[in-house]
Amino acid sequence: MPDRPTVLLPIRILEGESVPEGVPELLANAHVVLLGYHVIPEQTAAGQARIQFEDRADAKLEELGETLADAGATVEDRLVFTHDGQTTIDRVNKEVDALAILVPNAVGDVEDVLVAVRGTVGSDRLARLVAGLFGDRDLGVTLFHVPEAGESDADATTLFEGLIERLVDSGLEESRIETQVSRDADPAEAIAGAAADFDAVVMGETDPTVVTYFFGMPADQVAERFLGPVLVVQRPPPEA
Amino acid sequence: MSQPAPEGTGQNVEGETPEPEPEAVTDEVTEHADAQLERTIGLTGGLAIGIGTMIGAGIFVFPGLAAVEAGPAAALSFVIGGIIAMLVALPTSELATAMPRSGGGYFFISRSLGTGFGSIVGLGLWLGLVFASAFYLVGLGHYVVAVLSEVGLALGAVPLAPHVVLGLVAGLALTALSLGGTENTAALQNYIVLILLVIIGAFLTYGGLDALGVFGRTRAPEPFFSRGIVPVFSTAALVFTSYLGFAQVATLAGEIKRPSRNLPLAMVGSVLLVTVAYALTIIVATAALGSGRLGTAGETAMVEVARALLGFPGAVLILVAGLFATVSSANASILSASRSVYALSRDALLPRRAGSVNLRYGTPHVALAMAGGPILVLVATDQVELLAEVASFLHLVMYGLICVALLVLRRRDPDWYSPTFRTPGTPVLPALGAVASFGLIAFMNLASILVGIAIMIASYGWYRYYAGSVELRGDF
């Protein structure tokens, strides 16, 4: 069995956010970094909030960690008091070099997973995640690709073949892998649309641009419409 | 990564002990045993806090008050204030990089000179900020009155002066916003400071060129020392309130990213920038109107300067800028005062519940009330110069002791003291900083000095009564 892939699971620990149903099973083969964070207003010093809330937050975090561990995951937890949630998620993500961040939404039994493939760049981490999480599990994996303008179906097939070979090498049965191509102009739209037939989505992170600044990251758009768990594969940390 | 600061020991009369110190401090977090505290303020944020706190007073409240006392040489008063601030900002930077923790000057002094001095400075810092906020709010009141009279509304028939009523309303509103507001306003504060800098920059450039005679207006030049030399120093003592903001950056040291780089840059940078801006403002203002007319215009003299230079649009621009600047100064000081209360309660010098956080909004309601309440009382007194001087007095005591703390730590060089920024010119410059800080106090009004001393004695008395066995000083 391949190494356990590291997945970052950020939870707003004191706002009633919890590990949604089905997520512990989804992450059974992962090494989960459970990040409990609490966003405090500027008027409050982070240390001030710690004195008051640490015990409660710690107990909650432990409880959530046990749920994940009971399902089979190895768990490492962090408790952070912060004025800016995104800064905290980004920092911890960099520190633990997570393969993916999970946008936690509830799910029933996971039987079919949609894996959005952008290109060869980053497919190494995508393959490691998918093989690590689902390699020995009895579920279907559908590779999904939205070709760019000028990209032929043959190109898409080549892309799929490379990835399938890697997944099979890492222990995934070839019979469980399917492929699907969409010609939608908007990849986020296409993924969200296709996701309706699946239980969970794996997709890549997008570089921030002017468009993502105004309309949000495709991963967030998908998570918002799909309402199920989305694993967002992270870029490798830049070489120092 | 710096060494953990010394642990506090002992307990107060309620049996509370100082909170344990964090295990480690890195560029990005303060590491406690089971939790991390994220550092979220960058260099821009640090500069905005320093500049935003300072610029309100020096440019928009003091020019009239200062010019009438010292004449055009009031520019020199501001430069003297700036030099003293710089002499203190350098040691403060060194201490802050060695102990990047909330509480700033209070934290450094309690860890190096002991709990007695720590209490005097800590309680003094809280009350000093309360006096400063009240001063900014009275200034704000004057600006609102000026805005209203500009649109033809005169307020009258109230038992209190209109600007006091408006100052009270603003103080109440700011406290309420801090209590219930959960929106993060850091970005907003940065933009306000940027807009202020643009307005002030444009105004000073135009006014400076005009003062040089570029636009062909000629005026009878006023002698630089038109009021003599001694008032230059007493005015420096008065306007020193315009230089309190850099210490606020140190108060937030626990929340600043890459503290060893950002803390010194933010403190030294903001002092440099405002010193230049203040001195230029006085030069432009006295050239445009003369000290006598500036004095008559009082707290909103800058509006008259802008009117003389640029007509009605100029007056409106400066009015708007003055509103923003005084609000941002008052707000920053209220928040810093609340942080100081927290730092004291963490060390068991005030009841732990004084730093407690409201479950609904996540805001420190007790500490904010302990800032907002006394501020309102002080605003009602309407004693602008007394408020400013007492605020300066309490800060100057802290500044002097910061310099002493630096000298003590350098001499003893304990294991836990490993600053990444080192003050140049030690021991001469810090010693000079201490002498100058304490010396400036001598130029204040007797009333301000007496109020300041009374607060120091009361602070020490509180420590002996409430937390006599608490020891915060590190091993030497």
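This text walks through a sheet shared by two chains and then through the two domains of chain A. The model is predicted.

Start with the sheet. Strands of a sheet pair through backbone hydrogen bonds, either parallel or antiparallel. Here 12 strands form an open sheet with mixed pairing. The order begins β7(A)-β6(A)-β5(A)-β8(A)-β9(A)-β4(A). It continues through β1(A)-β2(A)-β3(A) and then passes into chain B as β3(B)-β2(B)-β1(B). At the edges stand β7 (177-181) of chain A and β1 (24-25) of chain B. Each has a single partner strand, so one side of each is left without a neighbour in the sheet.

Now follow chain A towards chain B. Strand β2(A), residues 31-39, runs parallel to β3(A), residues 74-82, and 9 bridges join them. Within this pair, A:Tyr37 is opposite A:Val80. Helix α2 of chain A, residues 46-71, belongs to the same stretch. Together β2(A), α2 and β3(A) build a β-α-β unit, and the unit is right-handed.

Where does β3(A) meet chain B? Its partner there is β3(B), residues 36-38. The two strands pair in the parallel sense, over 2 bridges. A:Val80 takes part here too, with B:Gln36 as its bridge partner in β3(B). A:Val80 thus has A:Tyr37 opposite it in chain A and B:Gln36 as partner in chain B.

The chain B end of the sheet changes sense. β1(B) pairs with β2(B), residues 29-31, in the antiparallel manner over 2 bridges. B:Ala24 has B:Glu31 as its bridge partner in β2(B).

Turn next to the domains of chain A. Domain 1 spans 6-100 and domain 2 spans 112-233. Their centres, taken over C-alpha atoms, lie 26 Å apart. In the contact between them, 11 residues of domain 1 meet 13 residues of domain 2.

The size of an interface is often given as the accessible area lost when the parts come together. Between these two domains of chain A, about 1,000 Å² is buried. Carbon and sulfur atoms give 62% of that area. On the domain 1 side, A:Leu26, A:Asn29 and A:Leu99 lose the most area to domain 2. Together they make up 64% of what that side buries.

Which polar links cross this interface? There are 5 residue pairs in polar contact, both residues at pLDDT 80 or more. The interface also has 1 salt bridge. A:Asp97 and A:Arg125 form a salt bridge, with their closest N and O atoms 3.3 Å apart.

Methods: Residues numbered from 1 in each chain as written. Chains lettered and ligands numbered in written order. Predicted model: local features only at pLDDT ≥ 70, side-chain atom pairs only at ≥ 80, totals over all residues. Heavy atoms only, no water. Pairing = 2+ DSSP bridges. Helix = DSSP H or I, 4+ residues; strand = E, 2+ residues; numbered from the N terminus. Right-handed = clockwise from strand over helix to strand, strands pointing away. Domains from an automatic or database assignment. Contact = heavy atoms within 4.5 Å. Buried area = accessible area lost by both parts, 1.4 Å probe. Salt bridge = Lys/Arg side-chain N within 4 Å of Asp/Glu carboxyl O. Polar contact = N/O pair within 3.5 Å; in protein donor to acceptor, adjacent residues only side chain to side chain.
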